[in-house]
Amino acid sequence: MSFDHPLPSALSPSRLQDFRACPRRFQYSAVERIPQPATYATTKGRIVHWILEQLYTLEPAARTAAAAAGFAEPAESAIVTESVRQDLDADDALLTRLRDEVRDIIDVYFTMEQPQHVNHVGVELRVNVELDGVPMLGILDRLDRHDDGALVIVDYKTGSLPNRNYDTQTFANAELYAALCQASMGELPRTIRLLYVAKGQAIERHVTEVVVRARAQAASDAWSRIERFHDEGAFPATPSANTCRFCAYADRCRASGVAVPVRPRTDGL
Ligand code: SF4
């Protein structure tokens, strides 16, 4: 038996992350395309990304903190739609808290970078390319060109910092973005810079050919498994306390007979 729903036309690093966490989650999100309700944390992240994207549409000298503050209201209008309000059960107190936290994050961001001096190649840059036979689509927060000519991938993070001994998974998505850049532009970014804008800290990693090759190979292996599960009509569920805790599909999954561990959700509220 195979699915009525076709496979996605391209695989994104975040959907690949879903697949790695749990193939059934990938089935729900990328094959059946069941929307995930907005959470407080994802809404805040989207607003911050929207403001920073708009900031970089301005000429360098105009990328000021005042200009960023001016984008806060249109960002909220664009992101906090009626359906998002319903998902969040948003009242005035929650919206006030959201605005305050977004403003604090943008303030912190300006302590980390001077946008007037950033030389960016693109923001919200769509990279659509075939990688080892896998149709891939990635959207980079920002790609910079440094003075020495090197490309740098910049990824904004609005959540918590990884713990001190952060593992390779912290950079996994960005390293795959580096592979996409190399495949589409013929140039390997030199550095990945993760900006934890809520915390005022950045962590960087040098990009190597070996790691990028490994990321591309892993994506190719995952795609082969995705095609096989799709042909077989079954994406297995791999429940665990960590993966199920933040899964938007827990109720649906439980209803299909999977023994989903019960843990209270904490989504930033
Ligand atoms: S609830 Fe757990 S097992 Fe079910 S789809 Fe989500 S992550 Fe997978």
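The dialogue below walks through helix packing, salt bridges and burial in a predicted model.

Colleague: Let me begin with helix packing: at what angle do the axes of helix α3 and helix α5 cross, and how should I describe that angle?

Modeller: In this predicted model, the axes of α3 (residues 40–55) and α5 (residues 72–79) come within 9 Å and cross at roughly 130 degrees. An angle over 145 degrees would count as roughly antiparallel and one of 65 to 115 as roughly perpendicular, and the crossing makes α3 oblique to α5. As for the hand, α3 passes α5 in a right-handed crossing.

Colleague: Which residues make the contact, and how do they divide into nonpolar, polar and charged?

Modeller: On the α3 side the contact is made by T43, R46, I47, W50 and I51, while α5 contributes A72, P74, A75, A78 and I79. By class, the residues of this contact are eight nonpolar, one polar and one charged.

Colleague: Turning to charged side chains, what is the general idea behind a salt bridge, and how many does the structure hold?

Modeller: Side chains of opposite charge can pair when their charged atoms come close. The structure holds 18 salt bridges, and one of them joins E101 to K44, with the closest N and O atoms 2.9 Å apart. Because E101 lies in helix α7 (residues 92–112) and K44 in helix α3, this pair ties together parts that are 57 residues apart in sequence.

Colleague: Is K44 buried or exposed?

Modeller: K44 has a relative accessibility of 15% and therefore counts as buried, the cut-off for that class being under 20%.

Colleague: Where do D132 and R213, which also meet in a salt bridge, lie along the chain?

Modeller: The side chains of D132 and R213 meet at 3.0 Å, N to O. D132 belongs to the loop between β1 (120–131) and β2 (134–145), whereas R213 is in helix α9 (residues 209–232), so the parts tied together by this pair are 81 residues apart in sequence. D132 is partly exposed, with a relative accessible area of 36%, and R213 is also partly exposed, at 40%.

Colleague: How should I read a salt bridge whose partners both lie in one helix, as with R254 and D251?

Modeller: The general idea is that an α-helix has 3.6 residues a turn, so residues three or four places apart point the same way. Here R254 and D251 both lie in helix α11 (residues 250–255), three residues apart, about one turn of the helix, and their closest N and O atoms are 3.3 Å apart. R254 counts as partly exposed at 34% relative accessibility, whereas D251 is exposed, with a relative accessible area of 60%.

Colleague: Which residues are linked in a network of salt bridges?

Modeller: E113, R142, D144, R193 and E204 are linked in such a network.

Colleague: Finally, how many residues of helix α2 are buried, and what do they pack against?

Modeller: For α2 (residues 23–31), nine of the nine residues are buried, so the helix is largely enclosed by the rest of the structure. These buried residues include R24, R25, F26 and Y28, and the buried residues of α2 pack against α1 (13–21), α9, α10 (241–245) and α11.

Colleague: What backbone feature appears just after α2?

Modeller: Just after α2, R33 takes a positive phi of about 55 degrees.

Key
Residues numbered from 1 in each chain as written. Predicted model: local features only at pLDDT ≥ 70, side-chain atom pairs only at ≥ 80, totals over all residues. Heavy atoms only, no water. Axes fitted to C-alpha atoms, helices over the stretch in contact; angles between N-to-C directions. Helix = DSSP H or I, 4+ residues; strand = E, 2+ residues; numbered from the N terminus. Parallel < 35°, antiparallel > 145°, perpendicular 65-115°, else oblique. Left-handed = near helix turned anticlockwise from the far one by under 90°. Contact = heavy atoms within 4.5 Å. Nonpolar A, V, L, I, M, F, W, Y, C, P; charged D, E, K, R; others polar. Salt bridge = Lys/Arg side-chain N within 4 Å of Asp/Glu carboxyl O. Buried < 20%, exposed > 50% of the residue type's maximum accessible area, 1.4 Å probe, protein only.
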